[in-house]
Protein chains: 2
Amino acid sequence: MAEERSDEHEREEEDYRLDGDLVDRITDAADSGEAERLAALLEPLHAADIADLLEQVSPAERRDILRLWGREIDGEVLTEIDESIREEVIEALPKDVLAEAVRELDSDDVVDLIEDLEEPQQEAILEALDETDRAAVEQSLTYPEYSAGRLMQREVVTAPEHWSVGETIDFLRREDELPDQFYHVILVDPGHHPIGYVTLGKLLASKRDMALTEITEDSFRTISAWQEEADVAYAFNQYHLISAPVVDDHDRLVGVITIDDAMAVLDEEHEEDILRLAGVGDESSITDSVLETVRQRLPWLGINMLTAVLASSVIKLFEGTIGQIVALAVLMPIVASMGGNAGTQTLTVAVRALATKNLTQSNVWRVIRREALVGLTNGAVFALCLGAVAWVWFGTPALGLVIAAAMVINLFIAAVAGIAVPLVLEKLGADPALASGTFVTTMTDVVGFFAFLGLATAVLL
Amino acid sequence: MAEERSDEHEREEEDYRLDGDLVDRITDAADSGEAERLAALLEPLHAADIADLLEQVSPAERRDILRLWGREIDGEVLTEIDESIREEVIEALPKDVLAEAVRELDSDDVVDLIEDLEEPQQEAILEALDETDRAAVEQSLTYPEYSAGRLMQREVVTAPEHWSVGETIDFLRREDELPDQFYHVILVDPGHHPIGYVTLGKLLASKRDMALTEITEDSFRTISAWQEEADVAYAFNQYHLISAPVVDDHDRLVGVITIDDAMAVLDEEHEEDILRLAGVGDESSITDSVLETVRQRLPWLGINMLTAVLASSVIKLFEGTIGQIVALAVLMPIVASMGGNAGTQTLTVAVRALATKNLTQSNVWRVIRREALVGLTNGAVFALCLGAVAWVWFGTPALGLVIAAAMVINLFIAAVAGIAVPLVLEKLGADPALASGTFVTTMTDVVGFFAFLGLATAVLL
């Protein structure tokens with residue numbers, strides 16, 4: 001029954017894609033210079049959707065929209081916009097509009113906004129901030145890129161450890177510069193070291209005379225400002241954190257990271273992994289020009305060309321054999337292709353297990369053994385299939401035996417290389433997602449051609 | 001300077017990986033039957049880490065740990081544990097322990113726990129719940145798998161729209177069955193339709209006589225219980241939601257989804273995409289046995305075998321040509337390999353752009369044109385390189401010309417297929433991540449071999 005109803009409901013559901021007609025009406029209004037109609041169409045949209053819209057239209061349309069509507073742009077739109085066009089958008093805005101837009105933002109958003117900008121643009125934005133905000137942003141920028149220190153917001157809500165619920169509520173009612181979103185009140189000692197936190201839900205549900213220390217959460221984790229942001233995202237997902245205090249070298253509270261920022265990092269990290277596994281620059285974006293795209297993709301295709309030439313030089317060793325038995329030329333790409341695919345399967349599983357911290361010294365040998373056995377089993381299965389194919393196709397049983405043996409060897413090597421290469425890269429401090437694929441397919445190509453043609457030379461000639 | 005300090009701090013940082021020594025001590029204690037030492041070692045660990053530990057040890061060690069320590073297991077450990085071993089763990093637990101563990105959980109966690117279990121195990125868990133909880137879980141289970149209705153928790157905190165801050169706080173202090181975590185109070189009308197929400201921060205910072213309707217959030221989104229969970233995760237990430245009310249067909253409030261659950265879904269969706277792009281079953285896990293792993297990977301290797309044989313049959317058409325010019329056999333895998341890689345680059349970008357809803361009717365033609373131009377440009381670059389390689393290697397300028405022309409043709413086809421195939425699959429309602437790779441590499445193999453060997457036959461013979 002659930003299935004039937006699900007159909008009935010499909011039409012009602014939003015899929016959050018930007019409505020194509022709306023985009024057309026917006027570009028129309030921009031095109032014909034109707035500033036008012038444009039503003040009326042953009043006004044109801046969420047900042048994230050406006051950012052997406054600016055990414056999806058053509059560069060000329062983008063310029064028109066910014067010219068007509070730029071004065072009303074929100075700081076949030078700037079933080080949502082893809083880095084590939086952020087600089088272009090910021091340059092298109094009048095100075096005072098930019099200053100106004102930036103002043104509304106929390107410190108972590110300002111950091112995110114300016115860290116990739118050129119010096120003069122950075123200066124322009126920093127100057128627009130009032131002194132406290134500027135100091136907070138500059139402090140964050142002293143931490144390395146992709147660190148917790150860059151991700152955190154400096155605006156934190158703290159309470160001395162001896163306060164009661166009532167005192168805390170009175171403080172919150174008095175304070176008029178609270179962060180937009182906060183989920184905990186962090187208890188600090190006189191040295192400003194965080195020692196626990198209270199959820200706002202507990203605070204609301206407790207009597208005024210309850211001591212804060214009575215209602216702190218059991219599980220409490222602080223994050224070092226030097227921690228890699230990828231590990232921060234992992235910790236949020238693993239431990240279901242909502243917000244976590246960030247501390248400096250002396251364990252003093254310097255900021256707080258909230259789960260929405262951690263979720264955005266998790267999303268980016270995954271995106272990077274997928275693009276890197278495919279040999280695409282991890283900064284690639286749908287708004288990149290042809291030349292930018294070529295520049296991102298050429299290097300990896302270049303490396304692939306070198307490894308392909310290497311594999312071909314293995315074939316060249318056996319030119320004589322192929323000259324006598326042309327069937328080998330027909331069949332050899334199958335051996336290489338199966339090896340490459342099996343290797344990619346194993347390496348993807350290994351890269352993911354490393355990223356999710358599920359491949360550790362406790363189970364690494366068990367996993368290697370499993371992959372080796374899987375390789376041998378798959379090898380045996382496809383040895384049978386392809387042995388039969390070769391026999392039937394070319395009428396030579398011995399050719400079937402040669403391809404069968406090459407298949408077992410190559411799928412075994414694919415499995416071992418598929419797990420060993422990412423492990424070695426990780427040990428060497430390289431990103432296994434970035435380079436594993438090339439190494440593994442080079443190995444399966446070379447081994448595949450060598451085993452198949454070598455065995456053929458030995459057995460068939 | 002940031003760089004230097006970063007080194008200095010590297011040692012201090014946690015990377016959240018399970019400590020290998022600790023795992024050894026735990027398996028030691030389990031092995032030698034020391035229940036107390038085992039409990040002492042496990043007690044300080046977070047439920048998510050205990051679940052990871054159970055996944056990383058061998059099946060025999062897992063049985064020992066559960067036998068000695070199972071009585072103290074927490075419901076949360078069960079929800080954290082990977083589906084591949086969840087059934088095994090649940091079966092190892094005494095009935096009363098299971099009942100106790102499950103009673104602590106929120107309704108969404110119970111749903112997540114039981115939806116993949118066999119009927120008798122489901123019944124056992126449902127029976128352990130008290131009547132209200134059981135009704136809530138059963139209600140959630142009426143929604144389809146992977147829907148918002150399954151993801152939501154039924155425990156919600158609501159207030160009538162006419163309440164003041166003070167009335168709300170008094171209610172929260174009186175109520176003793178509040179959810180563990182909640183971030184908003186949802187305002188409902190008398191028909192139980194959600195009409196807005198108030199963050200707990202605003203509630204705490206406002207005076208008691210403030211009306212709730214005065215401090216509701218500007219942006220308020222409800223989610224249909226029928227919505228796909230992947231779209232829910234997208235909405236949370238896109239609009240920075242922290243929690244969102246879920247409504248039924250009549251727009252009545254039926255539950256709430258919180259960001260930590262949305263983050264977990266986002267993580268799973270990415271994982272699925274990566275594994276599918278690599279042709280690995282998306283349920284694959286590090287705990288799978290050799291046979292399970294073979295079963296997951298064989299089908300895709302089988303399809304790959306068929307497409308490889310198809311590509312080989314193209315080569316077979318040109319057996320005569322290869323017999324006369326063996327250099328063609330040496331060079332042809334390069335053409336196919338470059339095409340396969342370029343196609344994978346384009347298709348990965350296309351699959352991601354579809355998943356992030358950045359590839360829409362507004363920009364699809366611009367993106368296709370860009371990819372085609374990128375393909376031609378890359379084709380031209382590698383035509384020059386490989387033309388030169390072939391010329392130098394074999395001393396035949398005409399061979400260089402043939403491989404150059406084949407390169408341009410194949411990289412153009414790779415680009416067009418790389419974008420067209422995922423688009424068509426998406427239109428047909430299939431998951432582009434699942435099947436695109438096979439289609440695209442088959443096309444680049446077939447076109448690559450045909451163009452190269454066909455041109456060679458026409459030009460060189």
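**Exercise 1.** What is the order of the strands in the open sheet of three strands that contains S4 of chain B, and is its pairing mixed or not? Then find the edges of this sheet and the helix that packs on it.

*Solution.* The model is predicted.

Step 1. Reading across the sheet in chain B gives S4-S5-S6, and the pairing is mixed.

Step 2. The edge positions belong to strand S4 (223-224) and strand S6 (253-258) of chain B. Each of these has a single partner strand, so one side of each is left without a neighbour in the sheet.

Step 3. Strand S5 (residues 243-247) of chain B pairs with S4(B) in the parallel sense, over two bridges. Within this pair, B:Val246 of S5(B) is the residue opposite B:Ile223.

Step 4. The helix that packs on the sheet is H15 (residues 229-239) of chain B, which touches S4, S5 and S6 of chain B. The direction of H15 makes about 60° with that of S6(B).

**Exercise 2.** Describe the open sheet of chain B that is built from S1, S2 and S3.

*Solution.*

Step 1. This open sheet has three strands in the order S1-S2-S3, again with mixed pairing.

Step 2. Strand S1 (158-160) and strand S3 (194-199) of chain B are its edge strands, and each pairs on one side only.

Step 3. From one strand to the next, the twist averages 35°.

Step 4. Strand S2 (residues 184-188) of chain B and S3(B) are joined by five bridges in the antiparallel sense. One bridge can be located by its residues: B:His184 has B:Thr199 in S3(B) as its partner.

**Exercise 3.** Into which domains is chain A divided, and which features does UniProt place along the chain?

*Solution.*

Step 1. The division of chain A gives domain 1 (20-142), domain 2 (158-277) and domain 3 (290-460). Between the C-alpha centres of domain 1 and domain 3 of chain A the distance is 48 Å.

Step 2. An unreviewed UniProt entry places "domain: CBS" at residues 152-214 and 215-272 of chain A. Residues 152-214 of chain A are 25% helix and 22% strand, with end C-alpha atoms 27 Å apart. For residues 215-272 of chain A, the span is 43% helix and 22% strand, and the end C-alpha atoms are 40 Å apart.

Step 3. The unreviewed UniProt entry also places "transmembrane region" at residues 372-394, 400-425 and 437-460 of chain A. The span 372-394 of chain A is 100% helix, and its end C-alpha atoms lie 31 Å apart. The span 400-425 of chain A is likewise 100% helix, with 37 Å between its end C-alpha atoms.

**Exercise 4.** How are chain A and chain B related, and through which surface do the copies meet?

*Solution.*

Step 1. A turn of 180° with a shift of 0.0 Å along the axis lays chain B on chain A, with an RMSD of 0.0 Å. The two copies are thus related as by a two-fold rotation axis.

Step 2. Of the interface residues of chain B, 100% are also interface residues in chain A, so the copies meet through the same surface.

**Exercise 5.** What is the mean pLDDT of chain A, and where does pLDDT stay under 50?

*Solution.*

Step 1. Chain A has a mean pLDDT of 92, and 97% of its residues reach 70 or more.

Step 2. Over residues 1-8 of chain A, pLDDT stays under 50. The model has seven contacts beyond four places in sequence for residues 1-8 of chain A.

Conventions: Residues are numbered from 1 along each chain as its sequence is written. Chains are lettered from A and ligands numbered from 1 in the order in which they are written. This is a predicted model: local features need pLDDT of at least 70, side-chain atom pairs count only at pLDDT 80 or more; totals for chains, interfaces and linings use all residues. Side-chain values use heavy atoms; hydrogens and water are left out. UniProt positions are given in the numbering used here, feature names are shortened, and annotations may be inferred rather than shown by experiment. Helices (H or I, at least four residues) and strands (E, at least two) are DSSP runs, numbered from the N terminus. pLDDT is the predictor's confidence in each residue, from 0 to 100. Contact means heavy atoms within 4.5 Å. Two strands pair if DSSP finds at least two bridges between them. Axes are lines fitted to C-alpha atoms, for helices over the stretch in contact, and angles run from 0 to 180 degrees between N-to-C directions. Domain bounds come from an automatic or database domain assignment. Copies are superposed by least squares on the C-alpha atoms of residues with pLDDT of at least 70 in both.
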